[in-house]
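Hi everyone, thanks for making time this morning. I'd like to walk you through some empty space and one side chain, so let's bring the structure up.

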Amino acid sequence: MRVLLTGTSGFLGKEVAQLLEKQGAELYHLTRRSLDLVNEIVWDFTSPLPPLPRVDAFIHMAATVDFSDVTSKPLLDNAVPILHLAHWLAQNNIRLYYTSTASIHGQATHWGLSAPLSPSSPYIVSKLIGERIFTSVRPQATIFRLGGIYGIHGPRHLGLNRAIDDAIFSGIPPVLYGSGRALRNYICVKDAASWISAEVINPTCQHNQANILYLGGNEILSIRKYLQTIIDVFLPREVIQEYTGCESQDIIIDSSKSPIIGQTFKEYLKGIKDNKA
């Protein structure tokens, strides 16, 4: 299988690329700058596309991520390349996979197909626009709607990733604002990558319609429990540093049926600790 990917330098993209390669896929990387990869195609993501290889599948994971509402940069950065890519897809019979965000549902407490759409920032709007453009030229595309993804060296806009890295590399205990009672089902980056690669290798969608998948973790924990688990595994002599703050609401991904057996948060952390020992 020949697969073209964007975003292979990113947190999730690196993991997806490694798994596909292990499963025998021949990878081509469409990148904004040279990464010294085999089968690398450099494109600035604004000008017309360079010649692209014939492939069986295309996975678009590259994005400018910014959840604030003070800049339109993510909207332009993310939507413009999708227009070029959609034109290419319309001319070629290629399976399409697109990583979007479940946060298009805004303040809903459950993010799933039945929840209303309520994008709240230019970045989130750009993801919804991407879904609409891609499915207009590839109605049978697979859309991965993801919530929070955790892991070592993960993006720090998710506070859980800051807490993980600070505990491991600086010995700093997690900080909690408010009670921490709000519930989440974040997904481990390795599980998200395994799920995506499994869908690419063995597609589940056989119909002429979009296959929208929600990728959530296999356990629901309070924010306090996530942070306490970091303490238990890495800093057993410390305590959570607690401060008053605004309370968060529950946000649960109504996860689709997963083709993999995911790990718990504690299992993931213990795996990191064992590998560092």
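**Cavities, a pocket and a phenylalanine**

The second largest cavity takes up about 30 Å³. Before I go further, please keep in mind that this is a predicted model.

So which residues line that second largest cavity? They are His60, Ala62, Ala63, Asn78, Ile82, Tyr98 and Lys127. Sorted by class, this lining has four nonpolar residues, two polar ones and one charged one.

How many cavities of 30 Å³ or more are there? The count is two. The largest cavity holds about 50 Å³ of space. Around the largest cavity you'll find Tyr150, Tyr186, Ile187, Cys188, Asp191, Gly217, Asn218, Glu219, Tyr226, Gln263, Thr264 and Phe265. Here the class split is six nonpolar, four polar and two charged residues.

Now, back to two names from the lining of the second largest cavity, His60 and Ala62. Both turn up again as contacts of Phe45, so to speak our next stop.

Where does Phe45 sit? Phe45 is in the loop that runs between β3, residues 40–42, and β4, residues 57–60. And is Phe45 buried or exposed? Its relative accessibility is 3%, and buried means under 20%, so Phe45 counts as buried.

If we set aside the neighbours within four places in sequence, Phe45 is in contact with Thr6, Leu30, Thr31, Arg32, His60, Ala62, Val80 and Pro81. Take Thr31 from that list: Phe45 and Thr31 are 14 residues apart in sequence, and their C-alpha atoms are 8.3 Å apart in space.

Last stop, for those of you who like open sites: the second largest pocket. The space in this pocket comes to about 190 Å³. Two elements, α1 (11–22) and β2 (26–31), each give two or more residues to its lining. Which of the elements gives the largest share? That is α1, with four residues.

The lining of the second largest pocket, in full, is Thr8, Lys14, Ala17, Gln18, Glu21, Leu27, His29, Leu35, Leu37, Val38 and Asn39. By class, that makes five nonpolar, four polar and two charged residues.

To recap the route: we went from the second largest cavity, at about 30 Å³, through buried Phe45, to the second largest pocket, at about 190 Å³. Thanks for listening, and I'm happy to turn the view around for anyone who wants another look.

Definitions and conventions: Residues are numbered from 1 along each chain as its sequence is written. This is a predicted model: local features need pLDDT of at least 70, side-chain atom pairs count only at pLDDT 80 or more; totals for chains, interfaces and linings use all residues. Side-chain values use heavy atoms; hydrogens and water are left out. On a 1 Å grid over the protein atoms alone, a cavity is a set of points where a 1.4 Å probe fits but cannot get out, and a pocket is an open set with protein on both sides within 12 Å along at least five of seven lines; lining residues have an atom within 4 Å of a point. Grid points are joined across faces, edges and corners, and a volume is the space filled by probe spheres set on the points. Ala, Val, Leu, Ile, Met, Phe, Trp, Tyr, Cys and Pro count as nonpolar, Asp, Glu, Lys and Arg as charged, and the others, Gly among them, as polar. Buried means under 20% relative accessible area, exposed over 50%, partly exposed in between (1.4 Å probe, protein chains only). Contact means heavy atoms within 4.5 Å.
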